[in-house]
Amino acid sequence: MRILLAFGLFLILISCGQTTKNDPADAIVNKGIAGVGGKILNNATIAFDFRDTHYSAKREKGNYSLTRCSDPACKDTVDVVTNEGFERTINGKRINLADSTAEKYSNSVNSVHYFSVLPYGLDNEAVKKEIADTVQIRGKIYYEVKVSFKQKGGGKDYEDEYMYWINTQDFKVDYLAYNYHVNEGGTRFREAYNPREINGVRVVDYRNYEPKQQFPPLQSLDSLFENGKLKLLSRIDLENVEVTKCPNC
């Protein structure tokens with residue numbers, strides 16, 4: 001259900017100070033980042049299990065190390081993405097990979113970590129944000145924030161488009177949708193559920209849906225969801241989540 005956008009924008013401008021036309025979207029996303037525990041995530045390690053694979057992300061003073069392990073002890077196959085690039089080791093020995101293979105693995109690792117802490121990271125300089133509308137979903141009002149990426153710094157999949165539905169009251173991301181172009185492409189809609197706070201960081205799981213049409217307008221997906229027109233594909237559950245704050249930060 002579409003509702004009047006201007007009133008919501010007015011509130012954001014009053015609370016944040018009007019300096020540029022992009023301020024409302026930036027302010028909404030920044031409040032969402034704060035709500036998920038952004039200051040903590042800046043200098044902390046978050047670890048979790050997802051589909052029988054162990055992940056951990058260590059961030060400290062602008063440096064990061066995003067890890068995926070095939071075993072809980074991280075002794076077998078380990079993929080790591082850092083500020084310096086991608087590396088795979090097997091039983092502690094570095095493996096030389098073709099650039100295309102390394103890029104594929106790196107994107108896969110990045111993707112899981114990216115979705116695990118949203119909207120954290122959307123304040124990156126390569127991220128373009130705009131408020132598309134204000135809508136109502138299941139009786140709650142949301143800012144509908146469209147996100148795209150600049151080619152420079154936006155990664156290989158910079159052409160992908162996202163939509164985030166951010167609650168106007170608590171600035172939590174309850175729904176998101178995106179178009180992707182790899183493997184023939186498609187569209188997904190995610191519904192957050194099972195929210196919990198772990199050591200100051202908000203963690204959620206997702207129900208993952210697919211529309212019948214390959215690339216419908218992202219703004220239409222909330223209506224399709226409410227009308228039961230989306231197919232449930234999978235659940236994205238993060239298990240055994242641990243958050244450890246950096247002791248020296």
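**Contacts, cores, strands and salt bridges**

Reader: Which residues is F48 in contact with, leaving aside its neighbours within four places in sequence?

Author: F48 is in contact with T53, H54, Y55, V112, H113, S116, L238, E239, N240 and V241. Keep in mind that this is a predicted model.

Reader: What makes these count as contacts?

Author: Contact means heavy atoms within 4.5 Å. F48 meets that limit with each residue named above.

Reader: Which residues have the most contacts inside the largest nonpolar core?

Author: They are I46, F48, V147, Y164, I166 and L176. This core has 45 residues. Helix 2, residues 23–36, gives the most to it, with 5 residues. Apart from this core lies another, of 13 residues. M163, Y209, L218 and L221 are among them.

Reader: What makes strand 9 mostly covered?

Author: Count its residues. Of the 10 in strand 9 (140–149), 7 are buried. Buried means under 20% relative accessible area.

Reader: How do you know that strand 8 and strand 9 pair?

Author: Pairing needs at least two bridges. Strand 8, residues 127–137, is joined to strand 9 by 10 bridges. They therefore count as a pair. The two run antiparallel. V135 stands opposite Y142 of strand 9. The hairpin of strands 8 and 9 has 2 residues between the strands. There, R138 takes a positive phi near 50°.

Reader: How many bridges join strand 9 to strand 10?

Author: There are 6, so the two-bridge requirement is met here too. Strand 10 covers residues 161–167, and it runs antiparallel to strand 9. V145 has Y164 of strand 10 as its bridge partner.

Reader: Why is I131 called buried?

Author: Its relative accessible area is 15%. The cut-off is under 20%, so I131 is buried. I131 lies in strand 8. P24 is 107 residues away along the chain, but the C-alpha atoms of I131 and P24 are separated by 7.5 Å.

Reader: And why does Q169 count as exposed?

Author: Exposed means over 50%. Q169 has 69% relative accessibility, so it counts as exposed. Q169 sits in the loop between strand 10 and strand 11 (173–180). Q169 and Y143 are 26 residues apart in sequence and 9.9 Å apart in space, C-alpha to C-alpha.

Reader: What makes R188 and E210 a salt bridge?

Author: The N to O distance is 3.4 Å. The limit is within 4 Å, so the pair qualifies. R188 lies in strand 12 (186–198) and E210 in strand 13 (201–210), so the pair ties together parts 22 residues apart in sequence. R188 counts as buried because its relative accessibility is 14%. E210 is partly exposed, at 29%.

Reader: How do you know that E87 and R94 form a salt bridge?

Author: Their closest N and O atoms are 3.5 Å apart. That falls within 4 Å, so the definition is satisfied. E87 counts as partly exposed at 34%, whereas R94 counts as exposed at 57%.

Reader: What about E60 and K58?

Author: Their closest N and O atoms are 4.0 Å apart. E60 and K58 form a salt bridge. E60 is partly exposed, with a relative accessible area of 26%. K58 has 44%, so it also counts as partly exposed.

Reader: How many salt bridges does the structure hold?

Author: The structure holds 10. R68, D79 and R88 are linked in a network of salt bridges.

How values were computed. Residues numbered from 1 in each chain as written. Predicted model: local features only at pLDDT ≥ 70, side-chain atom pairs only at ≥ 80, totals over all residues. Heavy atoms only, no water. Buried < 20%, exposed > 50% of the residue type's maximum accessible area, 1.4 Å probe, protein only. Helix = DSSP H or I, 4+ residues; strand = E, 2+ residues; numbered from the N terminus. Core = buried A, V, L, I, M, F, W, Y, C linked by side-chain atoms within 4.5 Å. Salt bridge = Lys/Arg side-chain N within 4 Å of Asp/Glu carboxyl O.
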